[in-house]
Amino acid sequence: MRSSTPLGWAAAFLAPALISSLDALSNRPSYQLAGFLYLLAVSLAAYLGGFAAGLVATVLATLGLDYFFTPPRHDFVPASTDQAAGVALFFVVAILISQLFGRRRQVQRQAEAASARANRLQAVTARLAEAVTPQQVLDAIVTEGVEAAEARAGAIGLVTADGQMIEIVAQRGYEQNLFVGWESFPLASDTPMGKAIRDESPFFFSTSAERDAAFSTMSTLGGPSHALAILPLVVEGRAIGAIAFTFPTEIEFDAERRALKATLAQQAAQAIDRVRLYEAERALRQRMTFLADASELLGSSLDYEATLAQLARLAVPEMATWCSVDMVGPDRSIQRLAVAHEDPERAAWAERLGEEYPPDPDQPMGVPNVIRTMTAEFVPEITDELLVEAAQGDERLLEIVRELGLRSAITVPLIARGRALGALSLIRDDSAPRYTELDLDLASELARRAASAVDNAGLYREAERRGDASRALAHVDDGVVLLDEEGAVVSINPAAARILAVDEATVVGETAVGSIGGWSEIEDNARPERGGTRGPVTLPLVLSNGNERWISVSGVDFGDGAVYALRDVTEERLLERTRSDFVATASHELRTPLAAVLGAVKTLRREDVSFDPDQREMLMDMIDREAERLSGIVGQILLTGQLDAGRLRLEHERFDPVALTKSVVDSAELHLPTGIELRVRAEKDVPAVAGDENQLRQVISNLVDNAIKYSPQGGDVELRLNRNGQFARIEVADSGLGIPRDEHDRIFEKFYRLDPALTRGVNGTGLGLYISKELVERMNGRISVDSEPGRGSTFVVEVPLAI
Ligand code: ADP
């Protein structure tokens, strides 16, 4: 430290000279007074200039006192030894005074320096305490720190998150462009910062030559660099970066200077760490708030299109400069759902641009790639090469994207249940920081929530639709069975369960083939190709309950399974069959009597043959009988037509059923085949009934005719009349062929006739019993049969009594 000042030196020379000049006065001071004044001059010089100035003043003052004021005057040799001793004493005292003041001054200067250093450090600390962003910290350190360190310039480099690079995040005092090309460089590089961080130890170079010798790469760096100090920024035992100080001159780094630099570096490290933590915490809070807002938004509506558009708007500008959402359409095409930018006009412009350049699903990067591969794309730094690649040779597009100044991008897929529904893209331009892994995590989380919201909305809609569909299915008469890919029953509507004679609860979840009787027939004949349709086909199925039914089936395969529509067509089929049987029977029935009549007439008209009266009578009888039969058949057909059309009007009259029955039997007796006995057994008090007498005659006559017809071996036909409550009961019992039990209902159906094998070729139309039943029921009566094959049949007709 320099302890003397110009003022001190001036005092050292001038003060003794001034006192010496007093010698010229007439009233000049005495030897003692001069000695005292000289001591004052020495004191002044030592006080102002320290020991060195004091010493010079001492020598000058001693010489002055000896020469000017010690007798003999104007002579250096003192007159006596006493006087010589006086001068020597003066010299010693003056030296002591110089020393005393010099020491005091030195101590004072040291104290001042220490306080100045403390002040500077204090200033750094104060600035650091105020700093809340990394940039502010860096500014504080580099500005105040450079001063405190007496440096000319300073820079801070931090290790990047991946630990590979050093980034110069702040600098001050360097010539412009010094860091061009050095904004970031590998941690492993042969640079002072790289080595300081790697070794966690500082470097001090007193000259630039020293530096260049140690780090050859640095010699290319221009600028008037001299001494250089580089210190690692260590936090919790780990170097997070380094701080560099460049000095205006060559400098010797003594222990004190080194300690000061170390203190600065330590403060810088802590401040950076604190701000980083604060920053991380703030960013985390911001992310959490954003996620919470987004979740609330996503949960607020089932209109996912509107919600996703809102979500995109929520992401700008904090999360992204641009945010877009693309969705996969039903035909696998990619459709832009929303684009958001702080400026709505820019967003609209981007939307138009998107329409102009629709995404190509095979594009090797960007949204189509993310959707295809279901993996996120993270581009922390959008390079120009990347833009060139993305533009795929389109110069105009390249120009547009270049102008946008895009910096960093994240595209994440929206995945729900293993399917990519779309993608969310976040892009930042130069005005915002680059995306980090944390942002990628946030975007992924956001995408996950958005996808599940979209999926939920879809599921909800689907459930609603299915709810509607299943409600509808529960009420339709057609059976619907839904199978999954493995052929297991996913759902079966009540109609299908009824048609297939199964219980819905027991078949759902089971394979159809294993749990539904007859399903293998359906599989064999109606199973559609993948994605195709088949049917309808009509199949006879033996159901789980053993019944045989005719089922019409059609199947549609929809990729994940198949749906079958079923209809029980047993009735239609039987009706169809009986109808065609009827056509055959009726034509046969009509042809037989017609042939007989025609034959008889032709015979009668033959002129070459002469008939005796008996023969003629027989032929005329035949014509009569067959014409009767013909008219009966035609009558039955006409009556059926009337009944079906609802055109038959019945009388409501009171009549005696016993008399009626007897008259029917009387007419039947007229042409009774041999071997048949007809009998009527009526209880005495069968009351009058109410109804249409003629039609009831038709009914009883039908039953009697049948009883006779279906007793080809002959036998008794008995008609019994009695009262059964409010009904008169008429039974027609024969001992003929009989009817199997399970046909008892069907014989009353239109056109239905028993198997010819059972009826032994007896003629008929299958209309008699149908007409009888219709007529009886229209008279508010009822008709039934009790019969067994080989044991005869008893038909029972009950007609309400007249009141
Ligand atoms: P059809 O003209 O064939 O006699 P119906 O309607 O009168 O027509 O009778 C329907 C079927 O019922 C007959 O084809 C016959 O098989 C059976 N059937 C009717 N009555 C008797 C009976 N008394 N005994 C045996 N089978 C009968």
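**Exercise 1. Strand β1 and its neighbours**

In which sense do β1 and strand β2 (residues 165–172) pair, and over how many bridges?

*Solution.* The model is a predicted one, in which local features need pLDDT of at least 70 and side-chain atom pairs count only at pLDDT 80 or more, while totals for chains, interfaces and linings use all residues. Residues are numbered from 1 along each chain as its sequence is written, and side-chain values use heavy atoms, with hydrogens and water left out.

Step 1. The two strands pair in the antiparallel sense over six bridges. Two strands count as paired if DSSP finds at least two bridges between them; helices (H or I, at least four residues) and strands (E, at least two) are DSSP runs, numbered from the N terminus.

Step 2. Within this pairing, Gly-157 stands opposite Ile-168 in β2. Five residues lie between the strands of the hairpin, and Gly-163 takes a positive phi near 75° there.

Step 3. β1 is also joined to strand β6 (residues 238–246) by six bridges, and these two strands run antiparallel. The bridge partner of Ile-156 in β6 is Ile-243.

Step 4. Seven of the seven residues of β1 (residues 153–159) are buried, so the strand is largely enclosed by the rest of the structure. Buried means under 20% relative accessible area, exposed over 50%, and partly exposed in between (1.4 Å probe, protein chains only). On one side lie Ala-153, Ala-155, Gly-157 and Val-159, and on the other Gly-154, Ile-156 and Leu-158.

**Exercise 2. The nonpolar cores**

Identify the residues that touch the most other members of the largest nonpolar core, and the helix that gives this core its largest share.

*Solution.* Step 1. A nonpolar core is a set of buried Ala, Val, Leu, Ile, Met, Phe, Trp, Tyr and Cys residues joined through side-chain atoms within 4.5 Å. The largest one has 47 residues, and Leu-696, Val-704 and Ile-747 touch the most other members.

Step 2. Helix α21 (residues 693–709) supplies the largest share of this core, seven residues.

Step 3. Leaving aside residues up to four places away in sequence, Val-704 touches Val-664, Ala-668, Leu-678, Leu-719 and Val-732; contact means heavy atoms within 4.5 Å.

Step 4. A second, separate core has 35 residues, including Leu-308, Leu-311, Ala-338 and Leu-442.

**Exercise 3. Helix α23 and what covers it**

Determine how much of helix α23 is buried and which elements cover it.

*Solution.* Step 1. Eight of the eleven residues of α23 (residues 768–778) are buried, and the helix is mostly covered. Among them are Gly-768, Leu-769, Tyr-770 and Ile-771.

Step 2. The cover of these buried residues includes α19 (613–645), α21, β22 (782–787) and β23 (793–800).

Step 3. Gln-636 has its place in helix α19. This glutamine is buried, with a relative accessible area of 14%. Beyond residues up to four places away in sequence, Gln-636 touches Asn-702, Thr-765, Leu-767, Gly-768 and Ile-771.

Step 4. α23 is followed by Asn-780, whose phi is positive, near 65°.

**Exercise 4. Salt bridges**

State how many salt bridges there are, and describe the pairs made by Arg-434, Glu-718 and Arg-746.

*Solution.* Step 1. A salt bridge is a side-chain nitrogen of Lys or Arg within 4 Å of a carboxyl oxygen of Asp or Glu. By this rule the count is 36.

Step 2. Arg-434 pairs with Glu-167, with the closest N and O atoms 3.1 Å apart. The two residues link distant parts of the chain, 267 residues apart: Arg-434 lies in the loop between β11 (419–429) and α13 (437–475), and Glu-167 in strand β2. Arg-434 is partly exposed at 29% relative accessible area, and Glu-167 is partly exposed at 28%.

Step 3. Glu-718 and Arg-679 meet in a salt bridge of 3.3 Å, N to O. Glu-718 lies in strand β20 (residues 715–724) and Arg-679 in strand β18 (residues 676–682), so the pair ties together parts 39 residues apart in sequence. Glu-718 is buried at 9% relative accessibility, whereas Arg-679 is partly exposed at 34%.

Step 4. Arg-746 and Glu-749 form a salt bridge whose closest N and O atoms are 2.9 Å apart. Arg-746 is buried at 18% relative accessible area, and Glu-749 is partly exposed at 31%.

Step 5. Arg-679 and Glu-718 also belong to a network of salt bridges, whose members include Arg-681, Asp-716, Arg-720 and Glu-731.
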